[in-house]
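Q: Got a minute to go through this one with me? I'd like to start with the ligand and then move on to the fold.

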Amino acid sequence: MTSAEAAPFSLEPGEDIRQVRDWVHEFARDVVRPAAEEWDEREETPWPIIQEAAKIGLYSLDFFATQWLEPTGLGIPVAFEELFWGDAGIALSIVGTGLAAASVAATGTPEQVGEWVPQMFGTADEVKLGAFCASEPDAGSDVGSIRTRAVYDEAKDEWVLNGTKTWATNGGIANVHVVVASVYPELGSRGQASFIVPPDTPGLRQGQKFRKHGIRASHTAEVILEDVRIPGRLIVGGKERFDERIARAREGKRTKGQAALKTFETTRPAVGAMALGVARAAYEYALQYACEREQFGKKIGEFQAIAFKLADMKTRIDAARLMVWRAAWMARAGHDFANAEGSMAKLMASETAVHVTEEAIQILGGNGYTREYPVERMHRDSKIFTIFEGTSEIQRLVIGRAVTGLPIR
Ligand SMILES: Cc1cc2nc3c(=O)[nH]c(=O)nc-3n(C[C@H](O)[C@H](O)[C@H](O)COP(=O)(O)OP(=O)(O)OC[C@H]3O[C@@H](n4cnc5c(N)ncnc54)[C@H](O)[C@@H]3O)c2cc1C
């Protein structure tokens, strides 16, 4: 049976997906949204909200794993859209661990997945976080130029990590950190590996915590690694597999980047879904406002100028959702991303979120520009989606290369 037969075409989510959507929506509406303004102003990790999410099983390895494995591929996009509809900063605090968990789940050995991923989440009584640390001050889009070094100490069977990571979501406050480091700098990204740094490992500490434009409830910080020693078995995927990969790279076999690129195509729709949640929240707010606010004796929604904005906002949101769902379905069904459809979905949804939230401010006029109304926060929050997990320019590079086959720079 082909994958197409297994998942016949339909745009109607099944009962399981609808249940997840409604359940997450309820939590977003009743718990996340009422807390959004407070945690945005506090600029702190909203631990009590994460605990609430853990109590109902929403912040749990079980929930994430079930949704990732959901047969249509829509589990994660639908859940993320609802959660981020509630509030992006709080939602990112809830799903940020997922990035670290996914990096180990995707390429780790079964033992590594079983031992470390649960420790990233903790328990409902004692909630923990995970952090994925790839970016560095001089290596953002250009991940191949990472300078953090991992040196193998054969006598002790330990890895020794040194370097400075930046922009790490949950960096320094996580229980488990996954750190990307270079073992063989001369091989560029092919000489890199990820390493699991267990809780309370000496030498790992938080550096500067960043004060941000948006998603201010989500903790973003530098992570400093000074002679961090971890057991040899904590190289993600195992040392044997890494050594084989290095041998192939030295023979000049060009496996470079293929697997990593495919992984990005499968994870980017999830980021698109986050952006979609923010866009939809701003659109709904602006729509209601336009149907109530009166000027010149009419509801402002009766002015074509405002109605056309709403029409465009809704059209772009729906177009972005279709692209996110298509890419998520492709990932689940194991299709090749011949035209970088995952990157397309992320590009479309993130640019839509910035546009729609800006238009929402315009529809609210002066009110939209103040912190008395939520669209101002949504606009600030939306901007991150065109930056992290690959900037919009990088998405266009990836799509451009995929469609032309040319080495576009
Ligand atoms: C709030 C937040 C949370 C984050 N969380 C994490 C995390 O958890 N873990 C992690 O590892 N990282 C994280 N990041 C880092 C994020 O992924 C990077 O910021 C992003 O990859 C961009 O890198 P940069 O900031 O160094 O920008 P740069 O790479 O310096 O880019 C600057 C500008 O140049 C453009 N540019 C760069 N290269 C090219 C090119 N070849 N062609 C065209 N234009 C180009 C970019 O598009 C951008 O407009 C986070 C960042 C933020 C802001």
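What follows is a chat about the ligand site, the overall fold and a few single residues.

Q: Before we start, what kind of model is this?
A: It's a predicted model, where local features need pLDDT of at least 70, side-chain atom pairs count only at pLDDT 80 or more, and totals for chains, interfaces and linings use all residues. Residues are numbered from 1 along each chain as its sequence is written, and side-chain values use heavy atoms, with hydrogens and water left out.

Q: OK, the ligand. How many residues surround it?
A: There are 20 residues around the ligand, and the closest are Ser135, Ser141, Trp167, Thr391 and Glu393. A residue is near the ligand if one of its heavy atoms lies within 4 Å of it.

Q: What polar partner does the ligand have at serine 141?
A: An oxygen atom of the ligand sits 2.6 Å from a polar side-chain atom of serine 141. For glutamate 393, an N or O atom of the side chain is 2.6 Å from a ligand oxygen atom. Tryptophan 167 uses a polar backbone atom, 2.8 Å from a nitrogen atom of the ligand. A polar contact here is a pair of N or O atoms within 3.5 Å; within protein, one must be able to donate a hydrogen and the other to accept it, and residues adjacent in sequence count only if both atoms are side-chain atoms.

Q: And how much of the ligand does the protein cover?
A: On its own the ligand has 970 Å² of accessible area, and the protein covers 67% of that. Those areas come from the Shrake-Rupley method with a 1.4 Å probe; for residues, only the protein chains shown count as cover.

Q: Which elements give two or more residues to that shell?
A: Strand 1 (130-133), strand 3 (158-169) and helix 14 (392-404). Helices (H or I, at least four residues) and strands (E, at least two) are DSSP runs, numbered from the N terminus.

Q: What's the shell like by class?
A: It has 11 nonpolar, 6 polar and 3 charged residues. Ala, Val, Leu, Ile, Met, Phe, Trp, Tyr, Cys and Pro count as nonpolar, Asp, Glu, Lys and Arg as charged, and the others, Gly among them, as polar.

Q: Back to tryptophan 167. What is its phi?
A: Tryptophan 167 has a positive phi of about 60°, although it isn't a glycine. Its place is in strand 3.

Q: Now the fold. How many helices and strands are there?
A: The protein chain has 14 helices and 9 strands. Its radius of gyration is 22 Å, close to the 22 Å from the globule rule for 409 residues, so the chain is as compact as a globular protein of that length. That radius is taken over C-alpha atoms, and the rule is 2.2 Å times the number of residues to the power 0.38.

Q: How much of the chain is buried?
A: Of the 409 residues, 50% count as buried. Buried means under 20% relative accessible area, exposed over 50%, and partly exposed in between (1.4 Å probe, protein chains only).

Q: What about helix 7, which residues are buried there?
A: In helix 7 (residues 97-107), Thr97, Gly98, Ala100, Ala101, Ser103 and Val104 are buried. They pack against several elements, including helix 4 (61-68), helix 8 (110-121) and strand 1. Contact means heavy atoms within 4.5 Å.

Q: Switching topic: where is isoleucine 215?
A: Isoleucine 215 is in the loop between strand 6 (204-209) and strand 7 (220-231). It's buried at 5% relative accessible area, and has a positive phi of about 30° without being a glycine.

Q: And threonine 45, buried or exposed?
A: Buried, with a relative accessible area of 9%. Threonine 45 lies in the loop between helix 2 (15-42) and helix 3 (47-55). Leaving out residues up to four places away in sequence, threonine 45 touches Trp39, Ile50, Leu129, Ile173, Ala217 and His219.

Q: Last one: is arginine 409 buried or exposed?
A: Arginine 409 counts as exposed, at 81% relative accessibility. It lies in the segment after helix 14 and touches Leu397 and Arg401, not counting residues up to four places away in sequence.
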